[in-house]
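I opened a fresh notebook page for this one. Here is what I looked up, entry by entry.

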Amino acid sequence: MKQKDQFDNLEKHTQWGIDVLEKFIKFVKERTEIELSYAKQLRNLSKKYQPKKNSKEEEEYRYTSARAFLATLNEMNDYAGQHEVISENMTSLITGELTRYVQELKQERKSHFHDGRKAQQHIETCWKQLEASKRRFERDCKEADRAQQYFEKMDADINVTKADVEKARQQAQLRHQMAEDSKAEYSSTLQKFNSEQHDHYYTHIPHIFQKIQEMEERRIVRIGESMKTFAEVDRQVIPIIGKCLDEITKAAESIDHKNDSQLVIEAFKSGFEPPGDVDFEDFTQPMKRTVSESSLSNSRADGKSEPKFGGKSKGKLWPFIKKNKLSLKLGAGPEDFSNLPPEQRRKKLQQKVDELNRDIQKEMDQRDALTKMKDVYIKNPQMGDAASVDHRLAELGQNIEKLRLEVQKFEGWLAEVEGRLSMRSEARRQSGLYEAQNPSAVNSCAQDRESPDGSYTEEQSQETEMKVPATDFDDEFDDEEPLPTIGTCKALYTFEGQNEGTISVAEGEMLYVIEEDKGDGWTRIRRNEDEEGYVPTSYVEVYLDKNAKGAMTYI
């Protein structure tokens with residue numbers, strides 16, 4: 001029957017529709033996996049470039065450009081979170097829902113086609129019954145005709161007995177009755193089949209087809225709604241992603257190149273002054289040669305300055321030409337940071353003082369908390385023993401006292417550095433004023449030298465040296481007079497002086513001081529007539545002569 005073919009076609013089409021749904025589900029699953037993988041890679045990327053705790057990278061984030069980069073990393077982390085949201089929403093709103101719907105759809109489809117096959121089988125059974133009733137009616141009619149013909153033949157034959165004729169007549173009547181019964185049965189079966197067929201084609205089958213059609217239309221609508229949801233899930237996170245991108249743009253716009261440049265200046269400012277101009281030394285008139293500011297062979301004895309010629313100079317230890325940098329890396333460096341330039345030393349000392357003050361505050365907070373706890377224990381002995389916190393309170397008190405002593409020590413060093421910096425600034429101001437008033441008479445001889453860490457330093461001479469015109473007695477001096485001794489010192493630590501201008505000392509060794517620390521962290525000492533040089537001030541304990549000019553006693 002043609003109807004069977006229609007059911008086959010519908011079965012194939014509805015199965016194709018289910019395959020389309022499953023294909024879309026698989027597509028969305030792979031999309032969610034891609035989103036999760038992308039989000040994971042973005043998070044790993046952001047984590048990879050995050051500054052490590054307690055590392056040098058953290059210091060770099062004081063610059064606005066570095067902070068902007070950090071903000072970008074954080075926003076990228078949030079950006080990755082939105083892709084995770086996309087994956088989660090697609091999984092719950094599309095994949096999960098459609099998977100359940102496909103299972104329901106398969107069950108509904110199976111039910112509809114089962115009803116269709118059942119209706120088809122029923123109508124086929126009715127048709128077979130009709131055919132059987134028809135064949136039986138036909139057979140009975142033929143049998144009745146043959147019985148009638150036999151009866152008529154017997155009745156016409158004079159040789160046949162009356163009994164045989166009667167028997168043939170009864171047989172013919174029986175066959176006619178059977179034919180009539182078959183006819184009635186056939187008529188009834190035919191009417192029933194026509195009714196069943198009418199119901200089948202006009203009621204049952206259209207109803208089944210209608211259900212299949214509705215099922216298929218719901219499937220089509222559902223896949224369309226899922227595609228809309230697919231787009232809507234993306235659209236929902238677009239504002240948040242846009243906000244992340246806006247924050248990245250805002251961070252980029254917050255970069256202040258002027259501020260970053262100033263931070264670099266503040267970070268590496270040494271506090272040293274650039275050297276003064278180098279005087280012209282006229283060798284065509286040796287008797288009128290004056291002392292050059294570039295020479296460090298100036299004698300400081302009794303405030304006199306004598307230019308010398310022709311001999312070796314023991315004073316030229318730190319010329320303007322840049323020497324090899326001196327490394328003083330012994331452990332963590334001197335406690336007072338005396339190996340650093342003045343300005344850097346001041347910053348380090350200030351940081352240390354602030355750090356110690358924070359530690360003191362923490363200890364005091366703990367002490368206050370324990371004191372309150374002790375008071376509670378005293379008022380409510382059942383809550384605890386008040387004597388149990390006494391030991392800890394004593395420890396905190398000792399810690400606070402130690403930290404306060406440390407603060408006083410570092411504050412002393414800090415005040416010393418700040419005082420020197422202010423004195424140098426005032427000296428430069430007064431010297432500049434004096435030179436402006438006496439340009440032809442005075443040449444302020446600044447003792448300039450390169451500090452061992454490679455920075456230039458210019459220290460104002462404690463004495464104003466007058467340019468002395470050359471005399472006939474200059475020829476009597478072949479060598480420069482050595483600097484006078486202004487005190488003694490004791491080496492606290494062993495120092496290996498490997499760079500030019502430095503001198504090695506052993507721990508406990510006593511030496512002579514010929515030039516005190518000028519704020520650069522170095523003291524000039526002498527062992528004997530031929531051995532002198534610079535050592536870190538923090539490595540020696542200095543005892544200056546009280547009657548030495550400008551001498552200061554410090555340890």
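**Cysteines to begin with**

I started with cysteine 489, which counts as buried because its relative accessibility is 0%, and buried means under 20%. A reminder to myself before going on: this is a predicted model.

Next I turned to cysteine 141, whose relative accessible area is 25%. That makes cysteine 141 partly exposed, since the partly exposed range lies between 20% and 50%.

How many disulfides does a search of the whole structure find? I noted down zero. For a newcomer's benefit, I add that a disulfide is a covalent bond joining the sulfur atoms of two cysteines.

**The chain as a whole**

I then stepped back to the overall layout. The chain has seven helices and seven strands. Reading along the sequence, I wrote the pattern as α-α-α-α-α-α-α-β-β-β-β-β-β-β.

Of the chain's 555 residues, I found that 35% count as buried. I also looked up the exposed area, which is about 34,500 Å², with carbon and sulfur atoms supplying 52% of it.

For contacts, I considered those with a separation of 6 or more: residues 24 or more positions apart account for 72% of them.

**Helix 3 and a surface patch**

Which residues make the nonpolar surface patch of about 290 Å²? I listed Leu45, Tyr49 and Phe69.

I followed up on phenylalanine 69, which sits in helix 3, residues 64-156. Its relative accessibility is 38%, so phenylalanine 69 counts as partly exposed.

**Histidine 204**

My next stop was helix 4, residues 162-253, where histidine 204 lies. Is histidine 204 partly exposed or buried? I have it as partly exposed, because its relative accessible area is 41%.

I also checked histidine 204 against glycine 116: they are 88 residues apart in sequence, and their C-alpha atoms are 8.2 Å apart in space.

**Helix 6, end to end**

Last, I did a little arithmetic check on helix 6, which covers residues 342-379 and has 38 residues. At 1.5 Å a residue, helix 6 should span 56 Å. Its end C-alpha atoms are 55 Å apart, so the two values agree.

Which residues are buried in helix 6? From its start I noted Pro342, Glu343, Gln344 and Arg345, among others. Further along, the buried residues include Leu349, Val353, Leu356, Ile360, Leu370 and Tyr377. Charged residues were on my list as well, including Lys347 and Glu363.

Conventions
Residues numbered from 1 in each chain as written. Predicted model: local features only at pLDDT ≥ 70, side-chain atom pairs only at ≥ 80, totals over all residues. Heavy atoms only, no water. Helix = DSSP H or I, 4+ residues; strand = E, 2+ residues; numbered from the N terminus. Buried < 20%, exposed > 50% of the residue type's maximum accessible area, 1.4 Å probe, protein only. Contact = heavy atoms within 4.5 Å. Areas by Shrake-Rupley, 256 points an atom, 1.4 Å probe, with all protein chains shown as cover. Patch = residues over 30% accessible without salt bridge, like charges linked within 9 Å, V, L, I, M, F, W, Y side chains within 5 Å. Salt bridge = Lys/Arg side-chain N within 4 Å of Asp/Glu carboxyl O. Expected span 1.5 Å × (residues − 1). Disulfide = S-S within 2.5 Å.
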